[in-house]
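Take a look at the chain below before reading on. Turn it slowly, and follow the backbone from one end to the other.

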Amino acid sequence: MVLSISTGYSKTDDADSTADAAAWYVGLEWSDAFFAGNSLGTAIGVTPNTVTDGDTSTLWELFYSMPVTDNITITPAIFTITDNVGTDDAFGGVVKTTFKF
């Protein structure tokens, strides 16, 4: 298994306001996880928030990508959003199917 790391940070500087917005994420992905061609990954980050008020929502994701054929890949994933500003925490799942032509 080979590990790859992705990171990101963004900041918006609004000249008309003192409420600049910032967000970040860190992702990890292991290629050839359990079987050749498959990958396993996870990511965590926060949504854009104003630096002055500090309100953030934390997002987390876990996925496993499996090629079914040379042209079809299925990727189930689960995710959660905690400290969801103004609403309850959220938890969900998704299955992404990718077709290559």
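What follows is a walk through this structure, from the whole chain down to single residues.

Start with the source of the coordinates. This is a predicted model. Every value below is computed from it.

Now take the chain as a whole. The protein chain has 0 helices and 6 strands. Read from the N terminus, its elements run β-β-β-β-β-β. The protein chain has 101 residues, and buried residues make up 22% of them. About 6900 Å² of the protein chain is exposed, and carbon and sulfur atoms supply 60% of that area. Contacts can also be sorted by separation in sequence. Of those between residues at least 6 apart, 31% join residues at least 24 apart.

Next comes the surface. Which residues form a nonpolar patch there? They are Leu3, Ile5, Tyr9, Trp24, Tyr25, Val26, Ile44, Trp60, Leu62, Ile78 and Phe91. Together they have about 1100 Å² of accessible area. Strand 1 (2-12), strand 2 (21-31) and strand 4 (58-67) each give two or more residues to this patch. One member of the patch is Leu3, which sits in strand 1. Leu3 has a relative accessible area of 42%, so it counts as partly exposed.

Stay in strand 1 and find Lys11. Its relative accessibility is 53%. Lys11 therefore counts as exposed, because the cut-off for that class is over 50%. Beyond its neighbours within four places in sequence, Lys11 is in contact with Asp20, Ala21 and Ala22. Trp24 is 13 residues from Lys11 along the chain, and their C-alpha atoms are separated by 8.9 Å.

Move on to the loop between strand 2 and strand 3 (39-50). Two residues here deserve a look at their backbone angles. Most residues other than glycine have a negative phi. Asp32 lies in this loop, and its phi is positive, near 55°. Phe34 is found in the loop too. Phe34 is not a glycine, yet it has a positive phi of about 75°. How do the two stand towards the surface? Asp32 is partly exposed, at a relative accessible area of 42%. Phe34 is exposed, at 63%.

Past the loop, look for Thr42 in strand 3. What does its side chain reach at 2.8 Å? The partner is the backbone oxygen of Glu61. Thr42 has further contacts outside its neighbours within four places in sequence. Among them are Val26, Gly27, Leu28 and Trp30. Trp60, Glu61, Leu62 and Phe63 are in contact with Thr42 as well.

Now turn to strand 4 and strand 5 (residues 72-82), which pair in the antiparallel sense over 8 bridges. The two strands form a hairpin, with 4 residues between them. Across this pairing, Trp60 stands opposite Thr80 in strand 5. Trp60 also belongs to the nonpolar patch on the surface.

Is Thr80 buried or exposed? Thr80 counts as buried, because its relative accessibility is 19% and the cut-off is under 20%. Setting aside residues up to four places away in sequence, Thr80 touches Thr58, Leu59, Trp60, Ala90 and Phe91. Its side chain reaches the backbone oxygen of Ala90 at 2.9 Å. Leu62 is 18 residues from Thr80 in sequence, and the C-alpha to C-alpha separation is 9.4 Å.

The walk ends in strand 6 (residues 90-99), where Thr98 has its place. Thr98 is partly exposed, with a relative accessible area of 27%. It touches Asn71, Ile72 and Thr73, not counting residues up to four places away in sequence. How far apart are the C-alpha atoms of Thr98 and Ile74? They are separated by 6.4 Å, while the two residues are 24 apart along the chain.

Go back to the view once more with these points in mind. Trace the 6 strands of the protein chain. Then find the side chain of Thr42, which reaches the backbone oxygen of Glu61, and that of Thr80, which reaches the backbone oxygen of Ala90.

Methods. Residues numbered from 1 in each chain as written. Predicted model: local features only at pLDDT ≥ 70, side-chain atom pairs only at ≥ 80, totals over all residues. Heavy atoms only, no water. Patch = residues over 30% accessible without salt bridge, like charges linked within 9 Å, V, L, I, M, F, W, Y side chains within 5 Å. Areas by Shrake-Rupley, 256 points an atom, 1.4 Å probe, with all protein chains shown as cover. Salt bridge = Lys/Arg side-chain N within 4 Å of Asp/Glu carboxyl O. Buried < 20%, exposed > 50% of the residue type's maximum accessible area, 1.4 Å probe, protein only. Pairing = 2+ DSSP bridges. Polar contact = N/O pair within 3.5 Å; in protein donor to acceptor, adjacent residues only side chain to side chain. Contact = heavy atoms within 4.5 Å.
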